[in-house]
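Grab a pencil and work through the exercises below with the model open beside you. Try each task before you read its solution.

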Amino acid sequence: METKKKKTHLGYGAYARVYVHETESTREAVKLFHSDTYVDNMMTEIEALVALRDCDNVVKLLHHDSEKSRKSNRFYMELEECNLYEYMNQTGDLIPLDTAISFIVQLFRALEYTHGKKIVHCDIKPMNLLVTGTRLRLA
């Protein structure tokens, strides 16, 4: 049986908080919804992430407990290095032009894909754009 090592807070929104979920063998992001009141929001988000799983520029859903019980209030995603806000702070707010262009192109790819699936992201902001190396993903 694996034991949880630590729980590091990554961010929060109107419906949920996001933490690092770390065990001896895994490291992933867990989105924990504030209460059972938001289960419908969570299910909508899970359905969207499943529909968008083939897009390289959308965060990847790893698993969710709602498969077992609709009373669950969490799901697990790939953990990225940082969000765009943090990235900008690390670089002193000046992102090299080629990197900025690459991020814009990747964001447009994600939006083109999501809109093609009739999904609209209603909260695009730097904290919801995740960066690992030169890859940008919409969360």
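**Exercise 1. Map the fold.** How many helices and strands are in the chain, and what pattern do they follow along the sequence?

*Solution.* Start by counting: this predicted model has three helices and eight strands. Next, walk along the sequence and write down each element as you meet it, which gives β-β-β-α-β-β-β-α-α-β-β. Then look at how the chain folds back on itself. Take the contacts between residues at least 6 apart in sequence: 49% of these join residues at least 24 apart. Last, check burial: of the 139 residues in the chain, 37% are buried.

**Exercise 2. Follow a salt bridge from strand to helix.** Find the partner of Lys31 in a salt bridge, and sort both residues into buried or partly exposed.

*Solution.* First, some background: side chains of opposite charge can pair when their charged atoms come close. The structure holds six salt bridges. In one of them, Lys31 pairs with Glu45, with 2.8 Å between the closest N and O atoms. Now place the two ends: Lys31 sits in strand β3 (residues 27–33) and Glu45 in helix α1 (residues 39–51), so to speak two distant parts of the chain, 14 residues apart. For burial, use the cut-off of 20% relative accessible area. Lys31 comes in at 17%, so it counts as buried. Glu45 has 24%, so it is partly exposed.

**Exercise 3. Do it again with Arg135.** Which residue meets Arg135 in a salt bridge, and where along the chain are the two found?

*Solution.* Look at the side chain of Arg135 and you'll find Glu80, at 2.7 Å from N to O. This pair also links distant parts of the chain, with their positions 55 residues apart: Arg135 belongs to strand β8 (residues 135–138), while Glu80 is in the loop between β5 (74–77) and β6 (82–83). Now for accessibility. Glu80 is buried because its relative accessibility is 10%, under the 20% limit. Arg135, at 29%, is partly exposed.

Compare this with another bridge, between Asp123 and Lys125, where N and O are 3.5 Å apart. Asp123 is partly exposed at 38%, and Lys125 is partly exposed too, at 28%. Finally, trace shared partners: salt bridges tie Glu78, Glu80, Arg135 and Arg137 into one network.

**Exercise 4. Explore the largest pocket.** What is the volume of the largest pocket, and which residues are closest to its centre?

*Solution.* Here's the idea behind the search: rolling a probe the size of a water molecule over the atoms shows where empty space is left. The largest pocket holds about 1200 Å³ of space. It is lined by 44 residues, and those closest to its centre are Lys31, Glu45, His121, Asn128 and Ala139. You've met Lys31 and Glu45 already, as salt bridge partners.

Next, ask which elements build the lining. Those giving two or more residues are β1 (6–12), β2 (16–22), β3, α1 and β6. The top contributor is α1, with seven residues. Sorting the lining by class gives 25 nonpolar, eight polar and 11 charged residues.

**Exercise 5. Find the middle of the core.** Which two residues touch the most other members of the largest nonpolar core?

*Solution.* The core has 30 residues, and the two to pick out are Phe75 and Val131. Elements that each supply at least two core residues are β2, β3, α1, β5, α2 (84–90), α3 (97–116), β7 (129–132) and β8. Once again α1 stands out, since the largest share of the core, six residues, comes from it.

Zoom in on Val131. Leaving out residues up to four places away in sequence, its contacts include Glu80, Cys82, Leu84, Tyr87, Phe103 and Leu136.

Now turn to Phe75. His64, in strand β4 (residues 61–64), touches Phe75 along with Ile46 and Arg74, again leaving out residues up to four places away in sequence. His64 is buried, at 12% relative accessibility. Ile46 lies in helix α1 and is buried as well, with just 3% relative accessible area. To finish, check the spacing of Ile46 and Phe75: the two are 29 residues apart along the chain, and their C-alpha atoms are 7.8 Å apart.

Note on methods
Residues numbered from 1 in each chain as written. Predicted model: local features only at pLDDT ≥ 70, side-chain atom pairs only at ≥ 80, totals over all residues. Heavy atoms only, no water. Salt bridge = Lys/Arg side-chain N within 4 Å of Asp/Glu carboxyl O. Helix = DSSP H or I, 4+ residues; strand = E, 2+ residues; numbered from the N terminus. Buried < 20%, exposed > 50% of the residue type's maximum accessible area, 1.4 Å probe, protein only. 1 Å grid on protein atoms, 1.4 Å probe; cavity = no way out; pocket = protein on both sides within 12 Å on 5 of 7 lines; lining within 4 Å. Points joined across faces, edges and corners; volume = space filled by probe spheres on them. Nonpolar A, V, L, I, M, F, W, Y, C, P; charged D, E, K, R; others polar. Core = buried A, V, L, I, M, F, W, Y, C linked by side-chain atoms within 4.5 Å. Contact = heavy atoms within 4.5 Å.
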